[in-house]
Amino acid sequence: MAALVEAVVAASQSLIAQVPCAFFGYSLGGLVAFETARMLRARSLPQPRRLIVAAMIAPHRPQARSPLVHLMSNDELVAELRRFKGTPEIVLQTPDLLELLLPVIRADFSVLETYQHEKQQPLEIPIAAFGGLADEEVSPEALADWSEHTSAGFQMRFLPGDHFFLKSAQTQLLELLARELQSVR
């Protein structure tokens with residue numbers, strides 16, 4: 001996580017200094033966005049004006065996965081991807097494509113499953129958290145716990161769908177994101 005966040009900070013800090021912005025992260029991206037905001041704060045650099053997370057449990061909650069997905073065999077990993085229902089079946093049935101994608105997917109799970117939360121002061125930026133009504137990976141309580149990581153206001157909304165509600169509720173999610181971004185201006 002540290003190397004990933006370091007790269008995001010290096011790539012974004014000059015833009016953030018020039019333009020009011022918000023960070024949006026979906027699933028693992030929510031955790032990356034959160035840690036990026038914390039690193040910017042630690043370095044006394046400009047921060048986003050809002051953090052928007054979706055389909056991700058609060059950072060201080062343990063990632064309850066057993067066995068660890070990033071350590072699974074390729075066949076087990078493909079079965080797990082099927083269970084998540086976020087990867088098109090045609091992708092899972094295309095060996096050449098899987099050969100390219102599985103290392104990337106495994107790396108994502110490694111970042112998630114080896115993440116160690118370090119307690120710090122809450123961010124001084126508002127946090128909005130979005131969840132799927134039928135998400136079996138992120139409970140409403142786990143999403144609500146994001147409120148502990150801000151001293152500047154928290155909102156939580158649920159949309160129809162499971163962990164991949166960005167597909168099933170795309171229009172609603174984009175409308176909510178547009179409203180959040182309006183508040184950044």
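How many nonpolar, polar and charged residues does the lining of the second largest pocket have? In this predicted model, the lining divides into six nonpolar, two polar and three charged residues. The space in the second largest pocket amounts to about 250 Å³. Its lining is made up of Met-1, Ala-2, Val-5, Glu-35, Arg-38, Met-39, Ala-42, Tyr-115, Gln-116, Glu-118 and Gln-120. At least two lining residues come from each of helix H1 (2–18) and helix H2 (28–42). The largest contribution to this lining is that of H2, with four residues.

The sheet was examined next. Four strands, in the order E1-E2-E3-E4, form an open sheet with parallel pairing. Strand E1 (22–26) and E4 are the edge strands; each has a single partner strand, so one side of each has no neighbour in the sheet. On average, and with direction ignored, neighbouring strands of this sheet are turned by 15 degrees against each other. Two helices pack on this sheet. H2 touches E1 and E2, and the direction of H2 makes about 145 degrees with that of E1. Helix H8 (residues 170–182) touches E1, E2, E3 and E4, and its direction makes about 165 degrees with that of E4. H2 therefore takes part in two of the features described here, as it packs on the sheet and supplies four residues to the lining of the second largest pocket. 

Strand E3 (residues 127–132) pairs with a strand on either side. With strand E2 (residues 50–54), E3 pairs in the parallel sense over four bridges. Within that pairing, Val-53 has Ala-129 of E3 as its bridge partner. E3 and strand E4 (residues 154–159) run parallel and are joined by six bridges. Phe-130 has Arg-157 of E4 as its bridge partner, and Ala-128 stands opposite Gln-155 in E4.

E3 is mostly covered, with six of its six residues buried. Ile-127, Ala-129 and Gly-131 point one way from E3, whereas Ala-128, Phe-130 and Gly-132 point the other way. Burial applies to both sets of residues. Ala-129, the bridge partner of Val-53, is thus listed with Ile-127 and Gly-131, while Phe-130, the bridge partner of Arg-157, is listed with Ala-128 and Gly-132.

Backbone angles were considered last. Most residues other than glycine have a negative phi. Ser-27 is not a glycine, yet it has a positive phi of about 55 degrees. Ser-27 is found in the loop between E1 and H2. A relative accessible area of 22% makes Ser-27 partly exposed, since the buried class ends under 20%. Ser-44 also has a positive phi, near 55 degrees, and is a residue other than glycine. The loop between H2 and E2 holds Ser-44. With a relative accessible area of 68%, Ser-44 is exposed, because that class covers values over 50%.

Methods. Residues numbered from 1 in each chain as written. Predicted model: local features only at pLDDT ≥ 70, side-chain atom pairs only at ≥ 80, totals over all residues. Heavy atoms only, no water. 1 Å grid on protein atoms, 1.4 Å probe; cavity = no way out; pocket = protein on both sides within 12 Å on 5 of 7 lines; lining within 4 Å. Points joined across faces, edges and corners; volume = space filled by probe spheres on them. Nonpolar A, V, L, I, M, F, W, Y, C, P; charged D, E, K, R; others polar. Buried < 20%, exposed > 50% of the residue type's maximum accessible area, 1.4 Å probe, protein only. Pairing = 2+ DSSP bridges. Axes fitted to C-alpha atoms, helices over the stretch in contact; angles between N-to-C directions. Contact = heavy atoms within 4.5 Å.
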